[in-house]
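Trainee: I am new to this structure and would like a close look at a single part, namely its pockets and whatever may be found there. Could you take me through them slowly?

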Amino acid sequence: MRIDIVTIFPEFFATLDVSLLGKARQSGLLQTHVHDLRDVTTDKHRTVDDTPYGGGAGMVMKPEPWGDTLDAILADPDSSQRPVLIVPSPAGEPFTQVVAKELSQEEQLIFACGRYEGIDQRVSDHFATRMTVRPISLGDYVLNGGEVASLAMIEAIGRLIPGVVGNPDSLVEESHEDGLLEYPSYTKPAVWRDLEVPQVLLSGNHAAIAAWRHEQQLERTKRIRPDLLPE
Ligand code: ADE
């Protein structure tokens, strides 16, 4: 998969070098390209924002640097026919494991990291004819910009690319994989600070362990995330 990231803070993406995604990049499973939006500006101050039409607080990102940067990405012969443009925004559709899985099957994702009050709407409107544009929200809270949200999405999507996580079994029994939160996990020692590992996990009875884990998933989900359960 190819991932392009457009940002005024390329430094945020240095962390793509570490851990599983760093390895995926080294092995060629994942190619990432970080583009500094200011590189296409021509004025002395490398301006990327301006005041909003209609008034109001804050600044809006100007369409021209976005247009030039996205045009250049599309003109790259290695770009796919129709990439997905992800626009992180608290006004987007919720990011879920289902969305992560969908996006992990794409050839190319472009993350448009907005700052300030967002990007001039015409950027999404224009590129919708050449890309699949998806405004996506990480949750019902406001971040300062799209960089941290993009990193979270890239990690969630990247680990679903076949080969990125060494043992694919570890992707199966996770929270949200079957619509439930995951069960609690324990390792050695069997007693720690007077707290014992649940007896059933030491029993060697695989059916009993599976049943216990499923019960724990249901109990946890009911208590913490009842909205995930069917009526
Ligand atoms: N940018 C600012 N807030 C955000 C959020 N909650 N999700 C995605 N991108 C954002």
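Mentor: A pocket, in the sense used here, is an open set of points on a 1 Å grid over the protein atoms alone, where a 1.4 Å probe fits and where protein lies on both sides within 12 Å along at least five of seven lines. Please keep in mind throughout that this is a predicted model.

With that definition in hand, we can begin with the second largest pocket, which has a volume of about 330 Å³. There are 13 residues in its lining, and those that lie nearest its centre are Thr96, Gln97, Val98, His176 and Leu228. Helix α3, which covers residues 97–104, supplies the largest share of this lining, namely 3 residues. When the lining of the second largest pocket is sorted by class, it comes out as 5 nonpolar, 5 polar and 3 charged residues.

Turning now to the largest pocket, we find a volume of about 520 Å³. Its lining is made of 30 residues, and Val87, Pro88, Ser89, Pro90 and Gly118 are the closest of these to its centre. The elements that give two or more residues to this lining are the strands β5 and β7 together with the helices α4 (121–127) and α5 (146–158), and it is β5 that gives the most, with 6 residues. By class, the lining of the largest pocket holds 17 nonpolar, 10 polar and 3 charged residues.

This largest pocket is also where the ligand sits. Two elements give two or more residues to the shell around the ligand, and they are β5 (84–94) and β7 (132–137); the largest share of that shell, 3 residues, comes from β5. If you want to follow the shell in the sequence, look for Pro88, Ser89 and Pro90, then for Ile136, Ser137, Leu138 and Gly139, and after these for Tyr141, Val142, Leu143, Gly145 and Ala149, which together surround the ligand. The shell has 8 nonpolar and 4 polar residues, while no charged residue belongs to it.

Three residues of the shell deserve a slower look for their backbone atoms. A backbone N or O atom of Tyr141 lies 2.7 Å from a nitrogen atom of the ligand, and for Leu143 the distance from such a backbone atom to a ligand nitrogen is 3.0 Å. In Gly139, likewise, a backbone N or O atom is 3.2 Å from a nitrogen atom of the ligand. As for how much of the ligand is covered, taken alone it exposes 260 Å², and the protein buries 96% of that area.

One more step leads along helix α4, which we met as a contributor to the lining of the largest pocket. Arg122 has its place in this helix, and its side chain is joined to that of Asp120 by a polar contact of 2.7 Å. Arg122 is also 59 residues apart in sequence from Pro63, although the C-alpha atoms of the two are 7.0 Å apart in space.

Helix α5, another contributor to that lining, gives us a last landmark, for the loop between α5 and β8 (191–192) is the place of Pro189. There a cis peptide bond joins Lys188 and Pro189, with omega at about 5°.

Notes. Residues numbered from 1 in each chain as written. Predicted model: local features only at pLDDT ≥ 70, side-chain atom pairs only at ≥ 80, totals over all residues. Heavy atoms only, no water. Near = heavy atom within 4 Å. Polar contact = N/O pair within 3.5 Å; in protein donor to acceptor, adjacent residues only side chain to side chain. Areas by Shrake-Rupley, 256 points an atom, 1.4 Å probe, with all protein chains shown as cover. 1 Å grid on protein atoms, 1.4 Å probe; cavity = no way out; pocket = protein on both sides within 12 Å on 5 of 7 lines; lining within 4 Å. Sits in = over half its atoms within 2 Å of the grid points. Helix = DSSP H or I, 4+ residues; strand = E, 2+ residues; numbered from the N terminus. Nonpolar A, V, L, I, M, F, W, Y, C, P; charged D, E, K, R; others polar. Points joined across faces, edges and corners; volume = space filled by probe spheres on them.
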